[in-house]
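Reader: I'm new to this one and would like to zoom in on a single part rather than tour everything. Could you pick out a serine and walk me through its surroundings?

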Amino acid sequence: MNTNPIPRRDFIKATGALGLGLGAWSRLAVATDSKQNAQLPNIIVYISDDHGVLFAEPYGNQEIHTPNLQQLADEGTTFNQAFCVSPCCGPSRSAMFTGLWPAKNGAEPNHMRPKPGLQGLPGVLKSLGYETAAIGKVTHGGWEPMYEFDFFVGPRSGKKDLEDASKYLANRDASKPLCLFFGAHFPHTPWVENTEYDSDKLTMPPTLVDTPVMREEHAKYCSSVTATDTLLGDFRELVNKHVPGEQLFIYTSDHGAQFPFAKWDLYDAGIRVPFIGVWPGHLQPGTTSEATICLPDLLPTLIELSGGEVPEGLDGQSFAGVLTGEKTTHRECSFATQSGDSDCNVYPSRSLRTRDWKYILNLHPEFQHHTFITRYVKEDAGQVYWKTWLEAAKTDPTAAAIVQRHTIRPAEELYDLNADPHELHNLATDPEHAERLANMRAELREWMASQGDNETVFGRPLLIGEPVTLLTTKQVQDALPKQKRRNI
């Protein structure tokens, strides 16, 4: 692998004492000549929106139709322990593109852009010789310009994003190495109409209240997952036609599905993401990896694979050794944060996940826990089925317990992920696990301090006992940060 290191003294001089001046990377990265360009792999990253890891054939769901994802898995490596760092769009994607967790890059609540001066992944790869492009929903919030993509368009939807990709790929100089991010809106809400599934026969996660309407909406989500899979197949065909040479193709998502206990939550249904890589000659076909990786690791990984030196000061850690077969492990644990999303979701929480255990710290258990599902007036955000949950809870103790667990939460949660993969049984008050709880609490608190996490509350919370009111689009917009307000 080609490497041309950046002298440490030059990096410190250019980036300042904190070592976080990412805008300087393009000036520091080493330029590549045409011979080096020919040795750089093309990098293609397909990002689905809200794709929960368990809704895919390669991850064990035999009821859902994702043949193109299965084809990817058959051709390459499926990462079973991949995680985002925040279960909502903006913070997750900003962390991926900057290599920094939300408290450091500034994009803590949804719809807040990163701090000025952070360049991130596209600009660094440009300086290493790549042409960079973003098509569809890639960075969230229309923030592609701040990352200095050579080309960007969208997001639009499905076939239109594919048409944009087709026009771009057909007209670019294919002799230059390409780094292309393609962002599919599927399976984000509003979900497509169900044309694929019998809603009565689908197995629903045990975290959901089983009502007829919930089953119909669950089937719509599954159809939307199949829609992103179909788009993936069409996109790969297009890429293979127009992008010659060596190619690293990655499929992933920003976070989990827009269901209760998933998106906007730190349970695995919210933070564990699909991550499948195909790289002929490097990744063995039909293999799996148990290495723990996080989306911010993508930035330093691609820099290293492209022959650059990864600067210090990043939270992301290169797992290039895993991709090249030199290593089988990466991180010992992963951290995640949720800081809010307008007034619909004001419930800050933090988590620490090891291979076998999850610890969640809810910073304000006196707040009611809500999301767009439970507070946004638009039916397709979740109200259409949440109302049936509330009705079922009046007579069904199981439904009542699920609604209560969603809305009122303790200060601390502890889960044995091997015995309880859906995180249904909180062990935080079990004396048998008191030492483990204390150790994980201390480790998470130490990490939060290292991040400069101020535990900021973004938005107006509902306290326990206050009446629940639904918020209009205007009220949601008014509660967002005074920056780019898109992708509601």
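Author: Here is a close look at Ser306, with a second serine and the whole chain as background.

Keep in mind that this is a predicted model. Let's start with where Ser306 sits: its place is in the loop between helix H11 (298-305) and helix H12 (320-323). Is Ser306 buried or exposed? Its relative accessibility is 4%, and since anything under 20% counts as buried, Ser306 is buried.

So what does Ser306 touch, once residues up to four places away in sequence are set aside? The list is Leu40, Ile43, Leu125, Leu128 and Tyr130. Tyr130 deserves a second glance, because the side chains of Ser306 and Tyr130 also make a polar contact, at 3.3 Å. Another residue to find on screen is Leu178: it is 128 residues away from Ser306 along the chain, yet the two C-alpha atoms are separated by 11 Å.

Now for the other serine, Ser289. This one belongs to a strand, E9, which covers residues 287-289. Ser289 is buried too, with a relative accessible area of 8%, which again falls under the 20% cut-off. A polar atom of the Ser289 side chain lies 3.2 Å from the backbone nitrogen of Ala291. Beyond its neighbours within four places in sequence, Ser289 is in contact with Thr77, Thr78, Phe79, Asn80, Gln81 and Val322.

Next, the nonpolar cores. The largest has 102 residues, and the members that touch the most others are Phe181, Phe259, Phe275 and Trp389. Take Phe181: leaving out neighbours within four places in sequence, its contacts include Val45, Ile47, Phe97, Leu121, Phe149 and Leu298. Ala133 and Ile135 are also in contact with Phe181. There is a second, separate core of 28 residues as well, and Ala133 and Ile135 are among its members, along with Leu69 and Val278.

Finally, zoom out to the chain. Its secondary structure comes to 17 helices and 14 strands. The radius of gyration is 22 Å, close to the 23 Å that the globule rule gives for 488 residues, so the chain is as compact as a globular protein of that length. Along its principal axes, the C-alpha trace spans about 70 × 50 × 45 Å. Buried residues like our two serines make up 59% of the chain. Of the contacts with a separation of 6 or more, 72% are between residues 24 or more positions apart. As for the outside, the accessible surface is about 19,000 Å², and carbon and sulfur atoms account for 51% of that.

Technical notes. Residues are numbered from 1 along each chain as its sequence is written. This is a predicted model: local features need pLDDT of at least 70, side-chain atom pairs count only at pLDDT 80 or more; totals for chains, interfaces and linings use all residues. Side-chain values use heavy atoms; hydrogens and water are left out. Helices (H or I, at least four residues) and strands (E, at least two) are DSSP runs, numbered from the N terminus. Buried means under 20% relative accessible area, exposed over 50%, partly exposed in between (1.4 Å probe, protein chains only). A polar contact is a pair of N or O atoms within 3.5 Å; within protein, one must be able to donate a hydrogen and the other to accept it, and residues adjacent in sequence count only if both atoms are side-chain atoms. Contact means heavy atoms within 4.5 Å. A nonpolar core is a set of buried Ala, Val, Leu, Ile, Met, Phe, Trp, Tyr and Cys residues joined through side-chain atoms within 4.5 Å. The radius of gyration is taken over C-alpha atoms; the globule rule is 2.2 Å times the number of residues to the power 0.38. Accessible areas come from the Shrake-Rupley method with a 1.4 Å probe; for residues, only the protein chains shown count as cover.
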